[in-house]
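User: I am new to reading protein models, and I would like to learn how empty space and sheets are described. Could you take me through them step by step?

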Amino acid sequence: MGSVTLQFLQQIVNGLSLGSIYALIALGYTMVYGIIKLINFAHGDIMMVGAYVGWFATTTLHLSFLPALVLAMMASAILGVLIERIAYKPLRNVIRIASLITAIGVSLFLEYGGMLLVTPQVRTYPPVFPDTIYNIGGIIVKYGDIVMIVTSIILMVLLHVIVQYTKIGKAMRAVSFDTEAALLMGINVNNTISATFAIGSGLAAAAGVLMGVYFNTIDPLMGIIPGLKAFVAAVLGGIGIIPGAMVGGVFLGLTESLVSGLGWSTWRDAVAFLILILVLIVKPSGLFGKNIREKV
Amino acid sequence: MGKWMNRQSLVTILGVLLIYGIVQGSIFMDVMPPFVALTLIQICIYVILSSSLNLINGITGQFSIGHAGFMAIGGYFAAIVIVKFHGPLVLALLVGAIVSAVAGFLIGLPTLRLNGDYLAIATLGLGEIVRIIFLNTEYVGGASGFSVPKTINWTWAFGLTVLSILVMRNFINSTHGRACISVRENEIAADAMGINTTKYKIIAFTLGAFFAGLAGGIYANYMYIIQPMTFSFLKSFDILVMVVLGGLGSLTGSIVGAIVMTVASAALAGLPEWRLVITAVLLVAMMIFRPTGLLGTKEFSLSFLGKKGDKNAASKN
Amino acid sequence: MRKIFSMATVALLSLSLVTGCGTTAAPKTSDVIKVGGDLELSGGTAMFGQAAEKAIKLAFDQQNAKGGVLGGKKLEYVSGDNKSDAGESTSAATKLATQDKVVAILGPMTSGNTLAAAQVVSDNKVPLITPTGTADKVTFENGQVKPWIFRACFIDPFQGQVAANFASDNLKLKKAAIFIDQKGDYSKGLAAAFEENFKKSGGEIVAKEQYVAGSDKDFRATLTRIKAANPEIVFVPGYYQEVGLIVKQAREMQMNQVFLGGDGWGSPQLVDVAGKTPLENTYYVNHGAMDDPGMAQFIKDFKAKYNADPDTFAALGYDAANMLIKALESAGSTDSEKLRSALENTKGFQGVSGELTVDPKTHNPVKSAAILQFKDGKSVFMTKINPK
């Protein structure tokens with residue numbers, strides 16, 4: 001019995017650390033969605049670009065971890081703003097599905113453009129965190145796990161503060177609530193949206209670098225699956241809601257770990273999607289979402 | 001009016017027969033390069049897929065991105081009938097399409113209450129669930145795939161495509177089709193006008209699933225092998241791209257979209273590393289400069305045959 | 001009027017198809033020999049296909065520099081992408097066989113994609129050599145050999161058997177866990193053979209778990225289960241990208257068992273991914289030996305050309321290409337029947353992954369295997385096992 005409890009607790013730890021990775025990606029996802037209601041399928045690929053910039057900075061430029069992280073976040077922020085200006089902005093006022101197709105296009109471009117540029121070969125990150133392992137009564141926690149969980153909580157709080165209490169955050173909320181009205185009230189909508197993309201993409205890059213460090217390997221297609229999972233996490237928590245992304249990510253991570261822990265690892269993704277659908281059916285706007293009936 | 005219709009129908013029938021005749025003739029005379037023949041059959045498959053997704057996304061305005069799941073259901077059930085029960089091809093295709101339609105109905109019932117992006121993610125999830133179920137089913141070969149003999153030829157593929165398009169066209173032009181369009185245009189207004197919006201959403205979803213299943217069946221019986229990986233969400237994206245590229249809500253648009261994407265993919269086969277990069281750039285540029293797709297929805301006021309003429313105009317321009 | 005329009009549509013349609021797909025058929029002059037590659041150049045397993053393509057190009061360049069084949073004819077490589085998809089593999093093979101009129105096709109890398117191409121090449125009488133399509137039924141199905149399909153790699157049962165015998169006879173271990181890649185025929189085939197042979201020698205399989213290659217990066221949930229089953233050895237028949245992460249994460253979870261794998265481990269990158277220390281106490285089955293002089297030369301040439309280390313996929317792609325070159329020479333012509341029989345009678349071909357003889361009855365190569373052990377981040381040759 002003791003061993004079962006131990007296994008269960010270990011799976012909770014595994015799930016928390018996996019979930020914080022999803023949450024980290026989902027934060028940026030949900031922010032971008034919140035403001036322009038666009039499922040930015042390229043988010044996972046921006047994360048990949050961030051991971052590569054970080055890798056390049058640490059291996060070729062021999063930067064230490066923090067400068068590399070900052071560089072990756074800045075590069076991705078610029079990339080995110082560029083993508084928004086070039087690909088999404090012209091489509092802001094036409095049917096939403098066109099922007100979605102554009103997002104798919106951008107995503108393909110980053111994946112396969114990246115493959116051309118850096119080859120599909122797996123790259124390995126140099127070790128950044130110490131290899132310390134804590135054994136707490138049989139439950140094993142890695143140094144990296146703690147970094148991941150702490151980072152995602154800090155970023156979530158930071159983001160929440162930005163959105164709720166700063167001027168730019170207020171502008172973001174205004175644009176998200178009613179773009180036209182925000183414009184009439186003198187808010188620079190374009191700049192606000194660009195700022196959102198910059199922050200969202202910077203967060204993606206942070207997630208990418210952390211993922212690269214944590215899992216040791218990066219490749220040009222690394223963004224697809226985590227991107228999809230993060231999107232699921234964001235919807236699960238209520239898309240557009242920052243604490244929701246965190247809760248959704250952790251919930252998804254825990255679900256996956258527990259399903260795998262029961263020996264159904266191959267059904268893991270199916271169970272995750274099933275839970276998502278059930279949640280949506282019961283509460284169509286996600287766990288934390290406000291239920292608004294769309295009006296004409 | 002009636003006379004005008006008849007003349008148009010006659011021309012269309014002639015046109016369709018001519019396409020069939022030219023291709024069949026050149027296959028028969030052995031002058032048709034097999035790669036072209038294969039591309040033509042792929043076009044048929046994608047035409048059915050994109051026009052059936054158009055029924056859901058374009059006509060009814062419901063945002064579904066799990067079409068590959070229905071294609072998988074149709075493909076696998078058709079393959080089971082052929083391989084495990086040695087049934088005839090017609091039965092196999094029919095079983096595949098019907099099982100897919102039933103799945104569409106069962107899935108549509110609860111999920112179609114969702115709106116917009118929530119429906120999108122739910123259908124995407126369902127598509128993945130379907131794929132994972134086949135992946136975990138050793139009876140149909142699991143991950144390694146399910147070998148199916150090739151029994152589809154040009155006659156079958158083309159005939160079924162024409163038949164599917166006809167049925168879909170008639171559906172769109174029927175009362176039910178109009179009701180679906182009203183759901184797309186304004187759900188609340190449609191509701192107020194006494195249209196059972198849920199019913200029409202489910203009808204469109206079921207019909208779309210039926211034809212996606214049929215296309216899956218054709219695919220399975222043509223490609224020698226089906227694998228769960230083929231039906232991942234990326235395949236759903238491919239189909240969605242065709243629909244939007246051609247013009248959301250336009251049946252001929254979906255046909256054109258499917259042809260353009262399939263031919264582009266075949267034409268770029270010699271540049272594998274660049275293929276997807278070029279496709280991506282074209283896609284983004286296309287959406288920026290013509291977000292309504294190649295044809296837009298403008299031919300809606302015209303009949304199917306009128307659109308045929310437009311298609312000519314479009315391809316000539 | 002409309003009739004004209006309809007006609008125009010048809011004309012345009014057929015035209016667009018012909019011009020679209022029909023890269024003008026190259027002159028069938030005899031100074032070049034075209035060889036096609038139906039490979040995974042994009043999509044989920046692009047890494048395998050691109051590695052093999054590089055090696056194939058290297059092999060052809062080297063041969064052309066030596067004066068080509070069949071008395072001065074140059075080899076020309078025609079690239080085809082199957083997008084890591086079975087259906088696309090059929091189309092790529094069709095294009096190569098009928099449009100480009102290649103004399104042979106190299107690839108695909110996965111068994112499923114190879115099976116999808118098999119019928120097309122047989123119909124068109126174009127020999128196909130898959131570098132890494134390891135599943136049994138790729139060349140031999142329902143008691144019949146597929147005359148046009150060949151491979152450069154081991155088949156799964158042999159490798160699984162070698163691994164199982166090594167675990168029970170040499171390491172004297174009795175309790176094994178198996179961690180399988182659910183998406184790979186290769187992994188499943190190896191796992192089945194391992195299980196059968198390990199049980200035969202009195203061993204016990206205490207846990208059997210699966211992961212999904214390409215999408216999983218976090219294996220701890222399943223490793224926790226394996227750890228709880230308390231095996232003495234964990235057999236992981238997978239590819240190095242995942243294996244590296246699995247071994248690393250297992251060690252982090254303080255699982256100190258022996259880890260054992262197949263030739264999918266064979267890449268210098270495994271050490272980068274897993275790290276030196278975690279790889280202590282691990283073994284894998286590979287072709288011949290990595291310290292083989294041919295292999296060393298290949299690694300050097302590959303590095304010189306592409307500035308990257310070749311992996312097993314590259315090595316087997318290289319062997320497939322050279323196997324074809326040798327068959328072309330011994331056939332003395334590009335005639336497909338002659339080429340086919342030359343391939344079928346390949347004997348003692350010295351590839352970089354070891355000596356290879358094709359069994360005409362099954363088209364399975366008879367190759368010897370080696371067990372390698374990791375010591376301080378280097379794979380060290382332990383023992384060689386010959387096929388029966």
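Analyst: What follows is a short lesson on cavities and then on one sheet, and please keep in mind that this is a predicted model.

User: How many cavities of 30 Å³ or more are there?

Analyst: Rolling a probe the size of a water molecule over the atoms shows where empty space is left. Here the count comes to 12 cavities of 30 Å³ or more, and the largest cavity holds about 170 Å³ of space.

User: Which residues line the largest cavity, and where does it lie?

Analyst: Its lining has 16 residues, and those nearest its centre are Q121(A), A51(C), K54(C), D309(C) and D311(C). By class, the lining is made of 8 nonpolar, 5 polar and 3 charged residues, while helix α2 (residues 46-65) of chain C contributes the most, with 4 residues. Domain 1 (32-153 + 292-367) and domain 2 (156-287) of chain C both give residues to this lining, so the largest cavity lies between them.

User: What is the order of the strands in the open sheet of chain C?

Analyst: Strands of a sheet pair through backbone hydrogen bonds, either parallel or antiparallel. In this open sheet of 5 strands the order is β2-β1-β3-β4-β7 (chain C), and the pairing is parallel. Strands β2 (74-81) and β7 (149-151) of chain C stand at the edges with a single partner strand each, so one side of each has no neighbour in the sheet. On average, neighbouring strands are turned by 25° against each other, direction ignored.

User: Which residue is the bridge partner of L128(C) in β7(C)?

Analyst: The partner is I149(C), and strand β4 (residues 128-130) of chain C is joined to β7(C) by 3 bridges.

Technical notes: Residues numbered from 1 in each chain as written. Chains lettered and ligands numbered in written order. Predicted model: local features only at pLDDT ≥ 70, side-chain atom pairs only at ≥ 80, totals over all residues. Heavy atoms only, no water. 1 Å grid on protein atoms, 1.4 Å probe; cavity = no way out; pocket = protein on both sides within 12 Å on 5 of 7 lines; lining within 4 Å. Points joined across faces, edges and corners; volume = space filled by probe spheres on them. Helix = DSSP H or I, 4+ residues; strand = E, 2+ residues; numbered from the N terminus. Nonpolar A, V, L, I, M, F, W, Y, C, P; charged D, E, K, R; others polar. Domains from an automatic or database assignment. Pairing = 2+ DSSP bridges. Axes fitted to C-alpha atoms, helices over the stretch in contact; angles between N-to-C directions.
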